[in-house]
Amino acid sequence: MFLELLTSVLAGFLIGIITGLTPGLHINLASVMIVSIASKTNTIKPEYAAVAILSMAITHTFLDTIPSVFLGVPDPEKVAVMLPTHRMVSEGKGYEAATLTIFGSFASLIVCMAAMPAFIALFRIIQDLVKNYIGLILIALTAVLIIYEKKKINAIAIFLLSGALGYIELNTPLLNEPLLPMLSGLFGISGLIVGVMTDSKITKQKITESCASWTIKIKATICAVIVGAAGSFLPGIGPSQIAILGSRAFRNLGDKGYIILVGGLNTVNMALSIAMLYAADKARNGAIVAISQIINGIDMQFLLILCATCLIAAGLSTVLTMIFAKKLSGAISKLNYKTISIGIMIFIIFLVALLSGWFGMIVLFTATALGLACNELDTAKNHMMGCLLIPVIIFFLK
């Protein structure tokens, strides 16, 4: 059994490398494929498939650091509206930004694993308290995020338009993979088009180690775990929104602390989704939904196996992501950014056409137009998560 479980972890790790490094290739799609293979064959036990999915998901949260840091960088003249990671890339500190992100992921995961029993007990209590108020909580958090915006009317417009798109798309039977065209358009192709149109160039990168203080590192890690735990039982809330709320609650994080925070959130969300599934039988993201579809509940023994899977995948991913970050930092300024961006856009369009058909292409182009409008209106992209939030709010208020 040990050998089979280890093989499953390594298989998920390899798949996670591919999904993490390939923009537009989401873990939800890969999870569905693994479930499909496991259900149609008798050669893969459900437990092993579940381990592979979790290993892939954890690996993805580390490896997607590479495209998120080095791709989609705006024009350096727009430094005021850049994300902190892209600001560091424009200063030639992309490797440092990547190491901060990786530190956030790994440190936050270790804390989550150590505190897993406490989170399980906490989730059981909180789930009973908030289950009837989730819709109202999501409305309140959305209102807070809009209040923080300088251009509130623009933020409301983007939120409502993306929400309308999400509600229509998620309630149509015409799509097999509804999230792929919508999220690829809103957050993927639109950002790449902006980079191509502004003829962005990557500054020559320096291989410098992180100089963030341990005070900032510890504070940002604690923030990632706390706000990530809060977000793990609130469906529809994404890491970008949780990061903004967390940075407001934990002040003086600075750019480097914010990068650590963002790095930790995706990993925290994935790790604590296991605790939520065990404690309340609730699946809060696509990978955990896939796991819940192929296994009949989680007992303590399997929970320990899943926790071990997280730790092994995280250890391997940390080493590999650091290697990739160093290699890419040395080569990225020599690469043709426009050609890379166009190549990625063509790949995403091909993937959407293949998996989602003609209606998926309509959604992709509509979502891309909305993403470009968001950029022109100088509105934070997190408001486009209305595409998931509004359908979830409507569901819980019914």
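Val225 lies in helix H11, which spans residues 214–232, where helices (H or I, at least four residues) are DSSP runs numbered from the N terminus. The model is a predicted one, in which local features need pLDDT of at least 70 and side-chain atom pairs count only at pLDDT 80 or more, while totals for chains, interfaces and linings use all residues. Residues are numbered from 1 along each chain as its sequence is written, and side-chain values use heavy atoms, with hydrogens and water left out.

With a relative accessible area of 5%, Val225 is buried, a term that stands for under 20% relative accessible area, whereas exposed stands for over 50% and partly exposed for what lies in between (1.4 Å probe, protein chains only). Helix H11 also holds Ile218, which counts as partly exposed because its relative accessibility is 47%. Two separations place these residues within the fold: the C-alpha atoms of Val225 and Leu388 are separated by 23 Å, with their positions 163 residues apart along the chain, and those of Ile218 and Gly16, which are 202 residues apart along the chain, are separated by 27 Å.

Gly163, in helix H9, is buried at a relative accessible area of 0%. Its C-alpha atom is separated by 27 Å from that of Val196, although the two residues are 33 residues apart along the chain. Thr321, in helix H15, is likewise a buried residue, with a relative accessible area of 0%. From C-alpha to C-alpha, Thr321 and Ile17 are 9.2 Å apart in space, and in sequence they are 304 residues apart.

Helix H15 leads on to the surface of the model. A nonpolar patch of about 440 Å² is made there by Phe2, Leu6, Leu10, Ile312 and Leu316. The elements that give two or more residues to this patch are helix H1 (2–21) and helix H15 (300–331), and H1 gives the most, with three residues. Patches are made of residues with over 30% relative accessible area and no salt bridge, nonpolar side chains (Val, Leu, Ile, Met, Phe, Trp, Tyr) being joined within 5 Å and like charges within 9 Å; the accessible areas come from the Shrake-Rupley method with a 1.4 Å probe, and for residues only the protein chains shown count as cover. Leu10, found in helix H1, counts as partly exposed because its relative accessibility is 38%.

The charged pairs come next. Side chains of opposite charge can pair when their charged atoms come close. A salt bridge is taken here as a side-chain nitrogen of Lys or Arg within 4 Å of a carboxyl oxygen of Asp or Glu, and by this rule the count comes to two salt bridges. In one of them, Lys256 pairs with Glu96, and the closest N and O atoms are 2.9 Å apart. Lys256 lies in helix H13 (residues 254–280) and Glu96 in helix H6 (residues 94–114), so the salt bridge ties together parts that are 160 residues apart in sequence. Glu96 is buried, with a relative accessible area of 2%.

Asp378 forms a salt bridge with Lys151, and here the closest N and O atoms are 3.7 Å apart. This pair links distant parts of the chain, 227 residues apart, with Asp378 in the loop between H16 and H17 and Lys151 in the loop between H8 and helix H9 (152–170). Asp378 is partly exposed at a relative accessible area of 49%, and Lys151 is partly exposed as well, at 40%. The loop that holds Asp378 runs between helix H16 (337–376) and helix H17 (386–397). Most residues other than glycine have a negative phi. Asp378, which is not a glycine, nevertheless has a positive phi of about 55°.

What remains is the interior space. Rolling a probe the size of a water molecule over the atoms shows where empty space is left. A cavity is a set of points, on a 1 Å grid over the protein atoms alone, where a 1.4 Å probe fits but cannot get out, and its lining residues have an atom within 4 Å of a point; grid points are joined across faces, edges and corners, and a volume is the space filled by probe spheres set on the points. A search of the whole structure finds one cavity of 30 Å³ or more, and about 40 Å³ of space lies in the largest cavity. Its lining consists of Thr142, Leu145, Ile146, Phe159, Gln241, Asn382, His383 and Leu389. Helix H8 (residues 134–147) supplies the largest share of this lining, three residues. The lining residues divide into four nonpolar, four polar and no charged, where Ala, Val, Leu, Ile, Met, Phe, Trp, Tyr, Cys and Pro count as nonpolar, Asp, Glu, Lys and Arg as charged, and the others, Gly among them, as polar.

Definitions and conventions: 1 Å grid on protein atoms, 1.4 Å probe; cavity = no way out; pocket = protein on both sides within 12 Å on 5 of 7 lines; lining within 4 Å.
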